[in-house]
Protein chains: 2
Amino acid sequence: MENRGDYDPSSPSFRLENSPFYQMAHADFKYHEDMDKVLHKHGVSKPVYRVMTVLRERQPASIGTIAEAALTKRSTISRIIDRMLEQGLVTTEPNPEDNRVTEVTLTPAGQQTLRKLTPIVGRQFTRAMDGISNRDITQLLRTLQKISANLSKLPIE
Amino acid sequence: MENRGDYDPSSPSFRLENSPFYQMAHADFKYHEDMDKVLHKHGVSKPVYRVMTVLRERQPASIGTIAEAALTKRSTISRIIDRMLEQGLVTTEPNPEDNRVTEVTLTPAGQQTLRKLTPIVGRQFTRAMDGISNRDITQLLRTLQKISANLSKLPIE
DNA sequence: TAAGTGCAAATACATATGTTTTCGGCTAGT
DNA sequence: ACTAGCCGAAAACATATGTATTTGCACTTA
């Protein structure tokens with residue numbers, strides 16, 4: 001495994017097992033697979049959890065902002081927020097500067113739920129990274145960030 | 001950024017931007033985002049393309065095998081294969097050893113389509129990996145494989 | 001200030017995926 | 001040889017997501 005061609009999907013020697021993007025999907029799939037089951041026991045779905053993690057960082061946040069950060073369409077987030085409202089996890093209010101935008105905030109109950117979930121997610125992370133050095137994690141992150149940046153430039157055709 | 005805690009979702013200093021799994025999702029999202037548009041022009045959706053890449057490696061393959069490799073539910077693959085049959089991309093036949101299993105094979109037309117798509121995907125890959133050394137790609141792959149392996153062990157709770 | 005344009009969110013509509021159930025074939029134990 | 005149980009696939013059913021359209025607000029400019 002010394003030739004870049006082996007990683008390139010257009011190379012004849014390409015194997016799915018050696019594809020970075022396939023392995024990303026695989027790791028991501030496994031990571032969420034069993035975590036979802038646990039989260040569901042606490043009445044929280046994967047997209048709901050994602051929204052909560054976004055809100056933990058910046059609050060309040062608009063529907064559009066959340067959608068972008070959560071890599072999901074606005075209409076989808078809009079409906080997810082509806083459900084979260086019913087569950088009492090968030091509150092919404094129009095932005096005073098611009099009445100078109102809806103600002104979303106975690107309720108105390110929502111924060112409480114998030115705090116309860118955090119250690120569970122932490123264990124899953126620890127499990128995933130078992131036997132991997134900090135150096136390697138840093139390196140992984142750097143490369144992933146580089147890839148994301150590359151793909152944020154102008155598209156292929 | 002020297003403490004492992006910064007990557008752990010349960011750490012107070014955790015930031016989404018520094019989360020390996022978030023960055024994986026982000027990279028994967030961007031990678032497929034504009035590629036899907038191009039594939040659609042050739043009448044191929046993302047799941048259809050995934051199935052084709054699986055079939056390129058082992059042919060014929062059963063519905064269940066494809067589902068597992070493509071990280072998708074069997075019922076979903078079953079329906080995707082239906083569509084691909086109508087498009088003439090694959091043929092199916094019962095496994096002579098076991099009549100329950102359906103073996104799927106790419107038709108010449110399917111192989112032709114795959115060959116046409118391959119260089120497009122290759123360009124996207126090249127674009128994604130721009131400025132990243134082979135060494136770093138190898139390292140990335142190793143780490144991802146390690147993570148996948150870790151997560152294939154017994155689940156959290 | 002009134003009309004036009006653009007944007008955020010929500011809604012209606014279409015589609016795709018997942019979950020559950022059903023059907024048929026295989027296999028092992030009696 | 002028969003029956004009970006398991007497994008693969010497909011069908012029925014429920015749900016979630018995405019796409020297109022609509023609504024309401026804000027900014028511009030004439």
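In this predicted model, a good place to start is helix H4 (residues 74-86) of chain A, which lies across S2 and S3 of chain A and runs at about 120 degrees to S2(A). The two strands beneath this helix belong to an open sheet of three strands in chain A, with the order S1-S3-S2 and antiparallel pairing. Strand S1 (61-62) and strand S2 (90-94) of chain A form the edges of the sheet, each pairing on one side only. Between S1(A) and strand S3 (residues 102-106) of chain A, the antiparallel pairing extends over two bridges. Here A:Ser62 stands opposite A:Glu103 in S3(A).

Stepping back to the whole chain, the secondary structure of chain A consists of six helices and three strands. Along the sequence these elements follow the pattern α-α-β-α-α-β-β-α-α. The C-alpha trace of chain A spans about 55 × 40 × 25 Å along its principal axes. Its radius of gyration is 19 Å, whereas a compact globule of 157 residues would have a value near 15 Å.

Chain A does not stand alone, and its contacts with chain B come next. In this pairing, 56 residues of chain A are in contact with 56 residues of chain B. On the chain A side, two or more residues each are given by helix H1 (20-41), helix H2 (46-57), helix H5 (108-128) and helix H6 (134-151) of chain A. The largest share comes from H6(A), with 15 residues on the side of chain A that touches chain B. Sorted by class, this side of chain A holds 26 nonpolar, 17 polar and 13 charged residues.

The relation between the two chains can also be described as a rotation. Chain A superposes on chain B by a rotation of 180 degrees with 0.0 Å of shift along its axis, at an RMSD of 0.1 Å. The two copies are therefore related as by a two-fold rotation axis. Of the interface residues of chain A, 100% are also interface residues in chain B, so the copies meet through the same surface.

Both protein chains take part in the surroundings of the DNA. Around DNA strand C there are 19 residues, the closest being A:Ser62, A:Gly64, A:Ser78, B:Thr76 and B:Asn99. One of these, A:Ser62, is also the residue that stands opposite A:Glu103 in S3(A). Helix H3 (63-69) and H4 of chain A, together with helix H4 (74-86) of chain B, each supply at least two residues of the surface near DNA strand C. H4(B) contributes the largest share of that surface, four residues. The residues near DNA strand C comprise four nonpolar, nine polar and six charged.

Turning to DNA strand D, 19 residues surround this strand, and the closest are A:Thr76, A:Asn99, B:Ile63, B:Gly64 and B:Ser78. The elements giving two or more residues to this surface are H4 of chain A along with helix H3 (63-69) and H4 of chain B. For DNA strand D, the largest share of the nearby surface, four residues, is that of H4(A). By class, four nonpolar, nine polar and six charged residues make up the surface near DNA strand D. Helix H4 of chain A, which lies across S2 and S3 of chain A, thus appears among the elements near DNA strand C and among those near DNA strand D.

How values were computed
Residues numbered from 1 in each chain as written. Chains lettered and ligands numbered in written order. Predicted model: local features only at pLDDT ≥ 70, side-chain atom pairs only at ≥ 80, totals over all residues. Pairing = 2+ DSSP bridges. Contact = placed C-beta atoms within 7 Å. Axes fitted to C-alpha atoms, helices over the stretch in contact; angles between N-to-C directions. Nonpolar A, V, L, I, M, F, W, Y, C, P; charged D, E, K, R; others polar. Near = placed C-beta within 6 Å. Least-squares fit on C-alpha atoms with pLDDT ≥ 70 in both. Rg over C-alpha atoms; globule rule 2.2 N^0.38 Å.
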